[in-house]
Amino acid sequence: MTAETKTEIMNAWHSYLSNMQRRHKKNEGSTAQDEDYRLAFKEGIINHDSLSKKEKVELLSYMGMA
């Protein structure tokens with residue numbers, strides 16, 4: 001995995017967390033939407049072609065999804 005790929009994944013995750021907090025403060029978000037997004041994000045990492053199994057586990061652990 002290149003550092004750029006890892007940076008892109010982490011930026012997307014942090015952006016999601018920021019948006020989720022903003023939506024919840026405004027009572028615009030739902031837990032079902034959050035769960036759907038987390039599941040899609042997790043599946044995206046699991047199915048990512050350029051990540052090794054170790055890197056996938058590392059990223060998912062960092063995000064609390066392992």
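Buried means under 20% relative accessible area, exposed means over 50%, and partly exposed lies in between (1.4 Å probe, protein chains only). The model is predicted: local features need pLDDT of at least 70, side-chain atom pairs count only at pLDDT 80 or more, and totals for chains, interfaces and linings use all residues. Residues are numbered from 1 along each chain as its sequence is written, and side-chain values use heavy atoms, with hydrogens and water left out.

**Exercise 1.** State whether Y37 and F41 are buried, exposed or partly exposed.

Solution. Y37 has a relative accessible area of 36%, so Y37 is partly exposed. F41 has 14% relative accessibility and therefore counts as buried.

**Exercise 2.** Classify the ring pair of Y37 and F41.

Solution. Rings of Phe, Tyr and Trp (its six-membered ring) pair if their centres lie within 6.5 Å; planes under 30 degrees apart are stacked, over 60 edge-to-face, and the rest tilted. For W13 and F41 the centres are 5.2 Å apart and the planes at 50°, so that pair is tilted. Y37 and F41 are also a tilted pair, with 5.9 Å centre to centre and 35° between the planes. W13, Y16, Y37 and F41 form one aromatic cluster.

**Exercise 3.** Find which parts of the chain the salt bridge of E58 and K6 ties together.

Solution. A salt bridge needs a side-chain nitrogen of Lys or Arg within 4 Å of a carboxyl oxygen of Asp or Glu. The side chains of E58 and K6 meet at 3.1 Å, N to O. E58 lies in helix α3 (residues 53-62) and K6 in helix α1 (residues 3-25), so the bridge ties together parts 52 residues apart in sequence. Helices are DSSP runs (H or I, at least four residues), numbered from the N terminus.

Note on methods
Helices (H or I, at least four residues) and strands (E, at least two) are DSSP runs, numbered from the N terminus.
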